[in-house]
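Subject: Handover of a structure and notes on what was found in it

Dear colleague,

Please find below the structure I am handing over to you. I would be grateful if you kept it open while reading the notes that follow.

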Amino acid sequence: MCKKVFIAATGINSGKTTISVSLMHLARKKYGRVGFIKAIGPKCQFFNDITVDMDAALMARIFGLEGDINHMSPVVLERGSTKRFIDGEIPTLWPAERITEAVRELERKNDYLIIEGSGHGGVGSVIGMNNAKVAKLVDAPVIMVSGGGIGNVIDSVQLNLPLYRMEGADLRMLLVNKLIPEKRETSLSYLQRAFTPHGINVVGAFDWSPILANPTLNNIARLLAHPLRGDQSQGTRIIHHIQLGAASSQKVIDGLAESTMLLVTSSRDELLVTLSSLYNIPAYREKIAGLVVPGHAPVSAITQKILDDSSIPYIRIHETTADVFSAMKYHVSKISAEDAEKIDLVKAQAEKVLDFDELDRMLS
């Protein structure tokens with residue numbers, strides 16, 4: 001008989017995908033066959049000639065589950081899907097039927113099945129299948145993932161809890177992510193006291209980590225929808241700081257921190273040349289991760305040649321510096337299949353911070 005678990009979240013950016021990767025990694029050490037399904041997919045992409053949710057594609061790539069992709073993303077909310085559902089073009093029972101069929105097939109093939117939700121509890125309501133309903137439909141105990149803190153965690157869980165209770169879903173556990181290391185034990189102690197009356201176990205997951213939280217050069221290239229040029233082998237390098245190259249060249253150089261991506265407008269020839277030259281000095285390569293070169297003005301021919309000859313990674317984009325800086329500053333990095341360093345770190349840390357046997361016992 002296949003064991004199942006539903007991974008819910010208090011909201012977006014709580015670290016749910018990190019937890020799914022962790023549980024997949026740990027479950028595969030205990031169970032022979034472990035499957036994954038993203039029941040409702042709000043973010044889609046084309047994968048192996050079909051449209052699937054991005055998280056389903058991610059898990060398929062990481063864990064070699066490409067052969068099951070047809071069942072791993074049964075309901076994808078493509079552009080216009082919600083309107084078609086409300087207009088009656090999509091049958092009311094279709095989402096539940098698709099999810100039930102996919103889960104049944106994956107249960108048949110696996111000993112353990114991870115079912116990942118989408119965003120907060122109410123996501124999917126527009127098609128009559130919110131996360132709580134899905135958890136009840138597939139009859140899986142629920143782990144809810146939250147970010148760190150105390151008050152904000154309690155508030156966010158309390159916003160979601162009534163929906164799961166109303167739908168009859170079995171919410172068993174709260175996994176708390178992004179904990180501040182020096183406050184970890186205190187936070188978990190208070191949260192356990194807060195949720196014991198609700199019959200919810202509180203378990204600490206990952207501490208906040210800049211490596212997991214910060215984007216790579218490839219992440220930024222995908223965000224800006226422009227290719228990474230220069231040394232392509234640096235695409236997985238993690239960016240720890242984003243700096244606006246608006247001051248004098250000397251002040252910009254003096255202000256460089258570890259693994260900085262700089263935004264330098266296309267008209268700043270002297271700064272582009274200086275950074276390109278410094279990039280090939282080892283002490284500065286540690287500080288300069290790469291460049292984003294925004295602006296409508298063309299880069300001069302000689303500056304472009306120096307930029308290319310230096311092999312410094314850069315992204316050229318014809319938008320304003322302000323627009324690009326805003327997009328990057330508030331971007332939350334999500335793990336991609338190409339982020340080998342992050343994925344390896346998640347797996348290694350999962351073995352240290354999560355006792356899978358104990359989690360499995362709590363959910364039995």
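Helix α7 (residues 151–167) lies across three strands, namely β1 (3–9), β8 and β9, and runs at about 150° to β8. Please bear in mind throughout that this is a predicted model.

The sheet

The strands just named belong to an open sheet of six strands, in the order β2-β7-β1-β8-β9-β10, with parallel pairing. Strands β2 (34–38) and β10 (201–204) stand at the edges; each has a single partner strand, so one side of each is left without a neighbour in the sheet. From one strand to the next, the twist averages 25°. As general background, the strands of a sheet pair through backbone hydrogen bonds, and the pairing may be parallel or antiparallel.

Strand β1 is a good place to begin. How many of the residues of β1 are buried? Six of its seven residues are, and the strand is thus described as mostly covered. With β7, strand β1 pairs in the parallel sense over five bridges, and the bridge partner of Lys4 in β7 is Leu113. With β8, strand β1 pairs in the parallel sense over four bridges, and here Ile7 stands opposite Ile143 in β8.

Further along the sheet, β8 (residues 142–146) and β9 (residues 171–176) also form a parallel pair, over five bridges. Within that pair, Ser146 has Val176 of β9 as its bridge partner. Helix α2 (residues 54–63) packs on the sheet as well, touching β2 and β7 (112–116), and its direction makes about 160° with that of β2.

Two helices that cross

Helix α1 (residues 16–30) packs against helix α16 (residues 340–353) at an angle of about 65°, and their axes are 9 Å apart. That angle makes α1 roughly perpendicular to α16. The crossing of α1 past α16 is right-handed. Which residues meet there? From α1 they are Thr18, Val21, Ser22, His25, Leu26 and Lys29, and from α16 they are Val346, Lys347, Ala350 and Glu351. Sorted by class, this contact has four nonpolar, three polar and three charged residues.

Two individual residues

Ser336 is found in the loop between α15 (321–329) and α16. Is Ser336 buried or exposed? Its relative accessibility is 11%, and because buried means under 20%, Ser336 counts as buried. Not counting residues up to four places away in sequence, Ser336 touches Leu58, Asn219, Arg222 and Ile343. Ser336 and Leu77 are 259 residues apart in sequence, while their C-alpha atoms are 20 Å apart in space.

Ala221 lies in helix α10 (residues 217–224). With a relative accessibility of 9%, Ala221 counts as buried. Leaving aside neighbours within four places in sequence, Ala221 is in contact with His226, Leu228 and Ile315. From C-alpha to C-alpha, Ala221 and Asp360 are 39 Å apart in space, with their positions 139 residues apart in sequence.

When you look at the structure, I suggest starting from the sheet and then turning to the helices and the two residues.

Yours sincerely,

A colleague

Methods. Residues numbered from 1 in each chain as written. Predicted model: local features only at pLDDT ≥ 70, side-chain atom pairs only at ≥ 80, totals over all residues. Heavy atoms only, no water. Helix = DSSP H or I, 4+ residues; strand = E, 2+ residues; numbered from the N terminus. Buried < 20%, exposed > 50% of the residue type's maximum accessible area, 1.4 Å probe, protein only. Contact = heavy atoms within 4.5 Å. Axes fitted to C-alpha atoms, helices over the stretch in contact; angles between N-to-C directions. Parallel < 35°, antiparallel > 145°, perpendicular 65-115°, else oblique. Left-handed = near helix turned anticlockwise from the far one by under 90°. Nonpolar A, V, L, I, M, F, W, Y, C, P; charged D, E, K, R; others polar. Pairing = 2+ DSSP bridges.
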